[in-house]
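Here is a friendly walk through a model by way of its terms. Each reply sets a value beside the rule that gives it.

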Amino acid sequence: MISTSEYAVKLEKVAKRYADIVAVDYIDLDVKYGEIFGLLGPNGSGKSTTLKMVLGLVKPDSGSVNVLGINADDDPVTVKRHVGYVPESPRLYEFLTGLEYVDFVADIYSVDASEKKMRIEEYLEAFDLEGREGDMISSYSQGMKQKIALISAFLHKPKLLVLDEPLTGLDPKSARIVKDLLRKLASQGVTTIMSTHILEIAQAMCDRIAIMYEGRLLALGNMEELRQKARLPGSDLEEIFLKLTGTEAIREVVEALLK
Amino acid sequence: MNWKNVVRLISVDMKSGRLIRGQKFRRYRERRVFQYLLYGGACVLGLAIGLAVGNLYIGLPDPELKSLFYQSARYLLTSLPTLILLYSLVITMMGQIQRMGVRSSIQLPYWLPITWEEHTLASTLAHLIGLPLASIILFSSAISVFSIFLGELPFATLTVPALLASVFLASATTEIFRVLQVRLIGAIYKTSGRTAVWVRFLGSLLFLIAFYIIWFSLTSGASSIALIETVAGAQNAVWFIPYVWLGMALASFMSGLLVQTVVFSVASILFILVLFYAAVRLNAKFGLYEPPAITVSRGVYVPKAGFLGKLGFSSLEAAVIRKDFKAFTRRRELMYIFVMPIVFILMPLMQYSGMLGKPVAPEASPFLYAWMLLAPGALMAIMLGTMIIGEEGSSVWLFYSSPITAHSLVKCKYAFICILSCIVTLVCGVIGILIAHPSPHLAFALLIESMLLIFALGAVSLRAGIKGADFVEVPRPRMIRPLTALVNFLLCGILMLAILSPLIPYAVTMMNLPVPMPIPKIDLYIAISISVVIAVVITFLFYRIVLKNAEEFLLKAEI
């Protein structure tokens with residue numbers, strides 16, 4: 001059963017190591033219902049591992065992961081039933097057509113047949129995939145594959161969306177549709193956790209943002225709270241991010257490269 | 001041509017080959033000693049064989065026998081380039097067929113400053129890495145040592161480069177085949193429209209069946225000896241075919257015809273150059289060719305009515321079964337599953353009809369029928385069981401992230417194995433009845449036994465498929481760890497014997513087979529009943545184990 005606790009996702013003292021590499025270093029994280037939560041960080045900072053732990057795709061070495069009021073370890077199947085997931089680089093069944101793939105995913109989530117038909121047709125039209133839906137996915141561009149992965153995540157009306165770089169490869173129209181859709185869904189109580197490297201999108205879309213670095217949480221809060229933490233009043237997310245992650249010495253790096 | 005580029009490209013290919021066999025990708029380290037172990041081993045083995053055969057020749061007491069031995073050795077050595085060419089062609093083609101299923105090709109050479117000549121030469125030489133090169137080293141070292149005993153050292157010095165030229169010839173031919181098949185397949189897709197998916201399925205199936213039949217014909221004991229005799233005898237008759245010119249050069253040298261030796265040697269070198277440049281030109285023209293998209297469906301989308309639902313499968317389970325069916329009919333690397341049962345029927349049929357030498361006696365027809373009914377279905381259940389989880393590849397994240405229970409996963413995967421294997425068995429049974437005319441008792445007994453084997457071995461192999469699943473897809477899909485597959489195959493062999501054992505006394509008495517001790521008579525239906533009990537126990541036990549393994553598999557998802 002899904003509980004009506006305050007938080008859609010709650011991570012307590014969660015840690016994960018891969019051999020001698022610390023991927024996630026004892027982090028605490030709460031995401032409220034209906035919130036769009038951004039997870040930022042340089043490559044290898046532990047964002048994807050954190051998202052995978054939310055979904056039960058990676059088991060934490062210690063700590064607890066609570067999703068929609070359920071301990072993800074106790075009842076992973078119920079958790080997965082209510083979550084829509086888009087991985088960082090989704091590998092789809094390339095021998096299926098786009099239509100066959102979304103139909104397959106809808107059946108996996110037991111979407112009713114008539115509703116399934118209606119939703120699939122709507123999404124294919126919205127993402128400009130009409131006319132190519134009968135082609136094998138192996139012939140799709142990266143952006144088209146991303147659209148199919150996104151449709152598959154939205155199709156069963158999940159309560160929580162876990163999106164790892166969701167806008168990668170999307171054309172401007174589709175990116176705008178995804179952004180508007182996420183805002184609309186948030187107003188209906190659907191929670192979104194997304195990781196992205198596009199800081200403008202994170203700043204514009206996310207209610208709260210967490211910045212990760214080397215497996216640790218460097219900062220967490222809304223834009224104003226992040227500015228205070230970085231002691232950069234009036235600055236944008238890029239400046240805050242670069243200062244907090246200690247990667248602001250860009251000019252010296254570029255000059256060294258041009259020597 | 002930049003030779004350093006060629007060497008670098010070959011080393012990339014060698015590394016990718018070792019990665020296929022490797023287990024750990026994180027912190028991968030080369031072990032240079034093991035890298036050349038195969039070739040060193042082949043050289044040592046070749047020297048030992050040469051020494052042993054040479055000593056055998058020296059030790060022959062009868063001069064007449066010695067002379068016969070000497071003539072036979074010369075006869076074999078002159079036909080060696082053509083024989084090596086044939087085997088290398090089959091081995092390099094086999095390697096190429098395996099690579100057909102590669103999802104993402106390495107396109108790095110296309111944008112790096114590498115010429116088509118360098119790329120083609122590296123690709124041609126890379127085909128030879130592994131078994132073909134090891135075989136050449138083995139043969140060359142054996143011939144070199146043996147020729148000293150034979151007093152034919154000059155001949156051996158010519159044979160070794162001829163062997164190397166033969167494998168290069170085979171490899172260049174395979175390179176041409178590789179480029180042409182990409183272009184040809186693209187053209188077929190373009191013209192066949194929506195039927196492309198079935199054209200591809202049937203075309204691939206026919207090609208693979210023809211290929212395997214040729215392979216088994218070449219490698220089966222009696223046929224391979226017949227082949228050596230044919231090649232040695234027919235080489236002179238087909239001298240106009242460029243592929244035998246290397247053999248002709250050796251034969252001419254052996255006969256002391258020096259002008260002819262030079263002519264055939266020069267012609268061989270020219271033919272190799274022509275073939276290589278043909279491969280370069282084809283690569284330059286079609287190397288970057290992308291096959292057109294396959295359109296499977298057009299028009300209004302209608303969700304499936306759900307026939308599988310009526311059989312008791314949930315929408316999730318039915319969706320996975322439908323998806324697996326599409327995978328096995330659309331993914332070329334999985335089509336093998338259909339090829340093996342067909343080859344298993346065709347080979348004994350060809351033997352039976354006398355196409356592969358001496359025809360089989362009519363009294364052996366019950367054996368033929370038993371083989372046709374028991375082997376293809378059981379083999380298919382074993383192969384499907386071991387591959388059915390690993391074939392998900394890197395798309396397995398969908399299973400881990402979706403609400404699929406261990407019970408549903410096992411139910412739909414096991415059902416798929418059994419349904420497909422039973423269909424194959426029924427088709428084989430009908431063909432068997434038409435050819436071997438078995439008695440109704442025999443047909444019934446074998447049909448029951450084949451079903452028992454499918455259910456039991458399917459469950460056993462599914463366990464191996466879950467425990468040993470390997471989702472690595474590049475450079476080619478691995479699907480199952482080789483050691484797990486081997487152990488499972490042995491286990492299935494033992495369990496197969498256990499299930500069939502109650503029927504052995506009946507088969508012995510029915511066929512009047514000579515046995516060292518008297519065997520008690522047993523009623524056929526009692527024997528079948530005992531067999532059913534054994535099979536049910538095995539199936540039940542392994543199904544329970546599979547369920548437990550599937551739970552662990554879904555819980556320990558690490559992607």
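Q: What makes a residue part of the contact between chain A and chain B, and how many residues does each chain give?
A: Two residues are in contact if their C-beta atoms, placed from the backbone, lie within 7 Å. By that rule chain A gives 32 residues and chain B gives 30. On the side of chain A that touches chain B, helix H2 (76-81), helix H3 (98-108) and helix H4 (113-126) of chain A each supply at least two residues. That side of chain A holds 17 nonpolar, five polar and ten charged residues. Here Ala, Val, Leu, Ile, Met, Phe, Trp, Tyr, Cys and Pro count as nonpolar, Asp, Glu, Lys and Arg as charged, and the others, Gly among them, as polar.

Q: What should I know about the origin and numbering of the model?
A: This is a predicted model, in which local features need pLDDT of at least 70 and side-chain atom pairs count only at pLDDT 80 or more, while totals for chains, interfaces and linings use all residues. Residues are numbered from 1 along each chain as its sequence is written, and chains are lettered from A and ligands numbered from 1 in the order in which they are written.

Q: Why does the radius of gyration of chain A agree with a compact globule?
A: The radius is taken over C-alpha atoms, and the globule rule is 2.2 Å times the number of residues to the power 0.38. For 259 residues a compact globule would come near 18 Å, and chain A has 19 Å, so the two agree. The C-alpha trace of chain A spans about 55 × 50 × 40 Å along its principal axes.

Q: What makes a residue of chain A count as buried, and what percentage does?
A: A buried residue has 20 or more other C-beta atoms within 10 Å of its own; exposed means 12 or fewer, and partly exposed lies in between, with C-beta atoms placed from the backbone. In chain A, 48% of the 259 residues count as buried.

Q: How do you know where the domains of chain A lie?
A: The bounds come from an automatic or database domain assignment. Chain A is divided into domain 1 (1-82 + 159-172 + 185-259) and domain 2 (90-157). The C-alpha centres of these two domains of chain A are 27 Å apart, and seven residues of domain 1 of chain A are in contact with seven of domain 2 of chain A.

Q: Which strands of chain A are called edge strands of the open sheet?
A: Strands are DSSP runs (E, at least two residues) and helices are runs of H or I with at least four, numbered from the N terminus. Two strands pair if DSSP finds at least two bridges between them. The six strands have the order E6-E7-E8-E3-E9-E10 (chain A), with mixed pairing. Strand E6 (83-86) and strand E10 (216-221) of chain A each pair on one side only, and these are the edge strands.

Q: What joins E9(A) to E10(A)?
A: Five bridges join these antiparallel strands. A:Ile209 has A:Gly221 in E10(A) as its bridge partner. E9(A) and E10(A) form a hairpin with two residues between them, and A:Glu214 in the turn has a positive phi of about 50°.

Q: How many bridges join E7 (residues 160-164) to E8 (residues 191-195) of chain A?
A: Five bridges join these parallel strands of chain A, and A:Leu163 stands opposite A:Met194 in E8(A).
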